Amino acid sequence: MSTRFDILDTSLAGLRILQRKLIGDNRGYLERMFCKEELEFVVPGKNIAHINHTLTKRRGTVRGMHFQHPPYAEIKFVSCLCGKVYDLAVDLRRGSPTFCKWHAELLTAENHKTLVIPEGFAHGFQTLTDECEMLYFHTEVYCPEMESGLHVQDPRLGIQWPLPVKDLSSRDAGLPYLDDSFIGLAL
């Protein structure tokens with residue numbers, strides 16, 4: 001039983017939402033972003049390898065859909081510290097009953113949610129406000145040679161972005177579309 005988080009499952013096995021519980025009074029609050037002891041079953045045998053903080057300046061910007069191949073596949077804890085984002089994960093696990101299905105959550109500074117994205121998923125988001133700040137916890141080191149992704153407008157994924165897609169980086173704009181040869185990630 002967690003005292004700092006409500007842990008909710010989604011329709012995609014392993015993809016979870018942490019609802020962070022605030023401890024506060026009239027001065028403000030404290031919230032725990034991660035607790036190895038309470039979240040051990042979510043990250044069994046894993047540690048946080050690095051933490052990233054990002055700023056996306058313009059509303060409508062899309063970043064993604066990124067993942068790392070095994071053995072550098074990672075679990076990500078994604079939270080929004082400022083602004084609002086439509087945060088999305090796609091199941092790329094070979095043999096999964098939800099292969100190529102996606103789930104999205106609205107992450108905001110006010111709703112105190114964290115999306116926990118398991119190994120074998122691609123991740124991306126769209127900013128719904130200007131000046132969005134995100135905090136990522138990763139269980140694996142970044143390995144550029146093992147990094148990959150999928151195009152955010154791939155018709156096979158059928159992602160319904162809330163706003164028109166804009167401001168793709170050149171790297172993200174050049175990510176591939178799925179073809180019949182893609183059989184998923186073996187974990």
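Leaving aside its neighbours within four places in sequence, which residues is Met33 in contact with? The legends below take up this question and then turn to other parts of the model, which is a predicted one.

**View 1. Met33 and the residues that surround the loop between β4 and β5.** Met33 sits in the loop that runs between β4 (28–31) and β5 (50–56). Once the neighbours within four places in sequence are set aside, its contacts are Phe5, Arg20, Ser79, Leu81, Leu135 and Phe137. With a relative accessible area of 19%, Met33 is buried, because the cut-off for that class is under 20%. A point of reference elsewhere in the chain is Asp179, which is 146 residues from Met33 in sequence and, C-alpha to C-alpha, 38 Å from Met33 in space.

**View 2. Strand β2 between its two antiparallel partners.** Two of the residues that Met33 contacts, Phe5 and Arg20, return in this view, where Phe5 stands opposite Arg20 in β2. Strand β1 (residues 5–9) pairs with β2 in the antiparallel sense, over five bridges, and the hairpin that β1 and β2 form has six residues between the strands. Within that hairpin Gly14 takes a positive phi near 90°. Strand β2 also pairs with strand β10 (residues 113–117), again in the antiparallel sense, and here the pairing runs over four bridges. In this second pairing Leu18 is placed opposite Thr114 of β10. Strand β2, which spans residues 16–20, is mostly covered, with four of its five residues buried.

**View 3. His69 and the cis peptide bonds of β6 and the loop that follows.** His69 is found in the loop between β6 (62–68) and β7 (76–82), and Pro71 lies in the loop between β6 and β7 as well. The peptide bond that leads from Pro70 to Pro71 is cis, with omega near 10°. A cis peptide bond also joins Gly64 and Met65, with omega about 0°, and Met65 has its place in strand β6. Not counting residues up to four places away in sequence, His69 touches Met146, Ser148 and Leu185. What class of exposure does His69 count as at 27% relative accessibility? His69 is partly exposed, because 27% falls between the cut-off of under 20% for buried residues and that of over 50% for exposed ones. Tyr86 is 17 residues from His69 along the chain, and the C-alpha atoms of His69 and Tyr86 are separated by 24 Å.

**View 4. Two loop residues, His112 and Glu131, with positive phi.** His112 has its place in the loop between β9 (102–108) and β10, while Glu131 is placed in the loop between β11 (121–127) and β12 (132–138). Phi of His112 is near 55°, a positive value in a residue other than glycine. Glu131, although it is not a glycine, likewise has a positive phi, of about 55°. Is each of these residues buried or partly exposed? His112, at 9% relative accessibility, counts as buried, whereas Glu131, at 40% relative accessibility, counts as partly exposed.

**View 5. The whole chain, as a setting for the close-up views.** The secondary structure of the chain comes to one helix and 13 strands, and, read along the sequence, the 13 strands are followed by the helix. The radius of gyration of the chain is 16 Å, close to the 16 Å that the globule rule gives for 187 residues, so the chain is as compact as a globular protein of that length. Taken along the principal axes, the box that the C-alpha atoms fill is roughly 55 × 35 × 30 Å. Of the 187 residues in the chain, 48% are buried. Among contacts between residues at least 6 apart in sequence, 78% join residues that are at least 24 apart. The accessible surface of the chain comes to about 9,400 Å², and 53% of that surface belongs to carbon and sulfur atoms. The chain holds 21 positive and 24 negative charges, and the mean positions of these two sets are 3 Å apart.

Note on methods
Residues are numbered from 1 along each chain as its sequence is written. This is a predicted model: local features need pLDDT of at least 70, side-chain atom pairs count only at pLDDT 80 or more; totals for chains, interfaces and linings use all residues. Side-chain values use heavy atoms; hydrogens and water are left out. The radius of gyration is taken over C-alpha atoms; the globule rule is 2.2 Å times the number of residues to the power 0.38. Buried means under 20% relative accessible area, exposed over 50%, partly exposed in between (1.4 Å probe, protein chains only). Contact means heavy atoms within 4.5 Å. Accessible areas come from the Shrake-Rupley method with a 1.4 Å probe; for residues, only the protein chains shown count as cover. Lys and Arg count as positive and Asp and Glu as negative; His and the chain ends are not counted. The place of a charge is taken as NZ of Lys, CZ of Arg, CG of Asp or CD of Glu. Two strands pair if DSSP finds at least two bridges between them.
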